[in-house]
Amino acid sequence: QVQLVESGGGLVQAGGSLRLSCAASGDTFSSYRMGWFRQAPGKEREFAAAISWSGGSTYYADSVKGRFTISRDNAKNTVYLQMNSLKPEDTAVYYCATIITGTIGQYWGQGTQVTVSS
């Protein structure tokens, strides 16, 4: 099992940028595919981005493609989400998770709030 702790959320104006981090501990981090998900108020949690165990393959939801970049540093047991050109509709709690298959999360962090003002 792996424990995940997100950080880096906050309040930003539309058009701005934020970088989220997710620090892992416990099981072998480098063996997991990792992903970022988000949940806006009143909506279901949705997939945002995923990265392979090596970092060589990434996958994005259409809503964030071209604006968000997922990356990882296995030496630091950390996965990142660089978010650029943020929009008010990106406002959500962002979660990192290990991915068991496809875009299905298995182990979850506690989430970090991102608020984008217009």
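This note walks through the sheet, the hairpin, the disulfide and the salt bridges of a predicted model.

1. **The sheet.** Start with the overall strand layout. Four strands form an open sheet in the order 1-3-8-7, and their pairing is antiparallel. Strand 1 (2–7) and strand 7 sit at the edges, each pairing on one side only. From one strand to the next, the twist averages 20°. Strands of a sheet pair through backbone hydrogen bonds, which may run parallel or antiparallel.

2. **Strand 8 and its burial.** How many of the six residues of strand 8 are buried? Five are, so the rest of the structure largely encloses this strand. Strand 8 spans residues 78–83. In the sheet order 1-3-8-7, strand 8 is written between strand 3 and strand 7. When viewing side chains here, keep one rule in mind. In a regular strand, side chains alternate between the two faces of the sheet.

3. **Pairing on the strand 3 side.** Strand 3 runs antiparallel to strand 8, and six bridges connect the two. One position to check is Ala23, which stands opposite Thr78 of strand 8. Strand 3 covers residues 18–26 and also carries Cys22.

4. **Pairing on the strand 7 side.** Strand 7 also pairs with strand 8 in the antiparallel sense, again over six bridges. Two residue pairs help to set the register. Asp73 has Thr78 of strand 8 as its bridge partner. Phe68 stands opposite Met83, also in strand 8. Thr78 therefore appears twice in this note: opposite Ala23 and as the partner of Asp73.

5. **The hairpin turn.** Strands 7 and 8 make a hairpin, with four residues between them. Which residue in the turn has a positive phi? That residue is Asn77, with phi near 55°, and it is not a glycine. Asn77 belongs to the loop between strand 7 (68–73) and strand 8 (78–83). Its relative accessible area is 28%, so Asn77 counts as partly exposed.

6. **A second positive phi.** Ser85 is not a glycine either, yet its phi is positive, at about 50°. This residue is found in the loop between strand 8 and strand 9. Is Ser85 buried or partly exposed? Its relative accessibility is 42%, so Ser85 counts as partly exposed.

7. **The disulfide.** The structure holds one disulfide. It joins Cys22 to Cys96, with an S to S distance of 1.9 Å. The pair links distant parts of the chain: Cys22 is in strand 3, Cys96 is in strand 9 (residues 92–101), and 74 residues separate them. The link is right-handed, with 45° about the S-S bond. Both cysteines, Cys22 and Cys96, are buried.

8. **Salt bridges: Arg38 and Asp90.** The whole structure contains four salt bridges. In one of them, Arg38 meets Asp90, and their closest N and O atoms are 2.8 Å apart. Arg38 lies in strand 4 (residues 33–39) and Asp90 in the loop between strand 8 and strand 9, so this pair ties together parts 52 residues apart in sequence. Where do these charged partners sit, buried or exposed? Arg38 and Asp90 are both buried.

9. **Salt bridges: Arg67 and the network.** Asp90 also meets the side chain of Arg67, at 2.7 Å from N to O. This pair too links distant parts of the chain, 23 residues apart: Arg67 is in the loop between strand 6 (58–60) and strand 7, while Asp90 is in the loop between strand 8 and strand 9. Arg67 is buried, as is Asp90. Which residues do the shared partners join? Arg38, Glu46, Arg67 and Asp90 form one network of salt bridges.

10. **Salt bridges: Lys65 and Asp62.** Another salt bridge connects Lys65 with Asp62, and the closest N and O atoms are 3.2 Å apart. Lys65 has a relative accessibility of 47%, so it counts as partly exposed. Asp62 reaches 66% and so counts as exposed. By contrast, Arg67 and Asp90 are buried.

Technical notes:
Residues are numbered from 1 along each chain as its sequence is written. This is a predicted model: local features need pLDDT of at least 70, side-chain atom pairs count only at pLDDT 80 or more; totals for chains, interfaces and linings use all residues. Side-chain values use heavy atoms; hydrogens and water are left out. A disulfide is a pair of cysteine sulfur atoms within 2.5 Å. Buried means under 20% relative accessible area, exposed over 50%, partly exposed in between (1.4 Å probe, protein chains only). Two strands pair if DSSP finds at least two bridges between them. Axes are lines fitted to C-alpha atoms, for helices over the stretch in contact, and angles run from 0 to 180 degrees between N-to-C directions.
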